[in-house]
Amino acid sequence: PRTAGLAGPMVALTASPYVGNALAPTLAHDAPVLLLVLSPRLRWLLLVSARVDTLWFFLIPFIRATAVLAVYFLLGRWYGDRALRWLESRAGNAMRPVLWIERNFHRARVPITFLFPGNITAMLAGVGGMASPSFFTAALASVELRVWSVGAPAHASRGTLLRVRLRVGEKQ
């Protein structure tokens with residue numbers, strides 16, 4: 001029963017960035033908020049910063065990151081090492097960083113969570129019994145810092161970015 005509760009969100013949260021990336025040229029122009037909901041990557045944040053209200057610009061990546069991190073944190077908490085082995089089997093060529101994070105996570109949980117706030121870290125936090133407030137505080141602070149590092153300069157130069165984006169769009 002637990003797996004069914006996580007399967008739907010995992011599929012949706014994994015598939016939506018592919019959809020967002022595929023439709024990014026159209027969505028960036030016609031539906032920038034939808035692009036951020038589907039795929040709040042830093043490049044799309046920069047691209048749509050001039051067209052998205054500041055509140056949504058910061059809130060959407062925060063909510064999306066919370067959802068992704070919660071799913072993987074619960075997967076680790078509920079399924080332990082089995083879930084971790086499953087994630088490692090899916091990592092393929094990316095195994096080196098996965099193994100490094102796994103080896104060092106128990107030594108420096110909060111700093112590693114802050115530096116690498118992703119699926120692997122969320123699952124390790126769940127498997128290792130890390131307190132959820134500590135995990136989510138470190139991970140979401142990192143996410144918001146990254147969004148802010150793009151958003152603050154982008155919003156400060158909003159007019160310039162919009163003119164550049166419009167000129168690029170005219171040439172197509």
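The legends below describe close-up views of a predicted model.

**View 1. The largest nonpolar core of the model has 40 residues.** The residues with the most contacts inside this core are Leu35, Phe57, Leu69, Tyr72, Leu75, Met123 and Phe135. At least two core residues come from each of the helices α1 (2-30), α2 (32-38), α3 (42-48), α4, α5 (95-105), α7 and α8. Helix α4 gives the largest share, 13 residues.

**View 2. Phe73 and Phe136 form one of the 5 aromatic pairs found in a search of the whole structure.** The ring centres of Phe73 and Phe136 are 5.6 Å apart and the planes meet at 55°, so the pair counts as tilted. Phe73 belongs to helix α4 (residues 54-91) and Phe136 to helix α8, so the contact ties together parts that lie 63 residues apart in sequence. Phe73 has a relative accessible area of 5% and is buried. Phe136, at 18% relative accessibility, also counts as buried, because the cut-off for buried is under 20%.

**View 3. Phe135 joins Phe73 and Phe136 in one aromatic cluster.** Phe135 pairs with Phe136 in an edge-to-face arrangement, with 4.9 Å from centre to centre and 75° between the planes. Both Phe135 and Phe136 are buried. Phe135 is also listed among the residues with the most contacts inside the largest nonpolar core.

**View 4. Helix α7 spans residues 119-127 and contains a run of buried residues.** The buried residues in this helix are Thr121, Ala122, Met123, Leu124, Ala125 and Gly126. Of these, Met123 is also named among the residues with the most contacts inside the largest nonpolar core. Helix α7 is followed by Gly129, which has a positive phi near 75°.

**View 5. A nonpolar patch of about 610 Å² lies on the surface.** The patch is made by Trp100, Phe114, Leu115, Phe116, Leu145 and Trp148. Helices α6 (109-115) and α8 (132-156) each contribute at least two of the patch residues. One of the patch residues, Trp148, lies in helix α8. Helix α8 also supplies at least two residues of the largest nonpolar core.

**View 6. Arg43 and Trp44 form a contact between a charge and a ring.** The charged end of Arg43 sits over the ring of Trp44, at 5.1 Å from the ring centre. Helix α3 covers residues 42-48 and supplies at least two residues of the largest nonpolar core.

Terms used:
Residues are numbered from 1 along each chain as its sequence is written. This is a predicted model: local features need pLDDT of at least 70, side-chain atom pairs count only at pLDDT 80 or more; totals for chains, interfaces and linings use all residues. Side-chain values use heavy atoms; hydrogens and water are left out. Patches are made of residues with over 30% relative accessible area and no salt bridge: like charges are joined within 9 Å, nonpolar side chains (Val, Leu, Ile, Met, Phe, Trp, Tyr) within 5 Å. Accessible areas come from the Shrake-Rupley method with a 1.4 Å probe; for residues, only the protein chains shown count as cover. A salt bridge is a side-chain nitrogen of Lys or Arg within 4 Å of a carboxyl oxygen of Asp or Glu. Helices (H or I, at least four residues) and strands (E, at least two) are DSSP runs, numbered from the N terminus. Buried means under 20% relative accessible area, exposed over 50%, partly exposed in between (1.4 Å probe, protein chains only). Rings of Phe, Tyr and Trp (its six-membered ring) pair if their centres lie within 6.5 Å; planes under 30 degrees apart count as stacked, over 60 as edge-to-face and the rest as tilted. A charge sits over a ring if NZ of Lys or CZ of Arg is within 6 Å of the ring centre and within 35 degrees of the ring normal. A nonpolar core is a set of buried Ala, Val, Leu, Ile, Met, Phe, Trp, Tyr and Cys residues joined through side-chain atoms within 4.5 Å.
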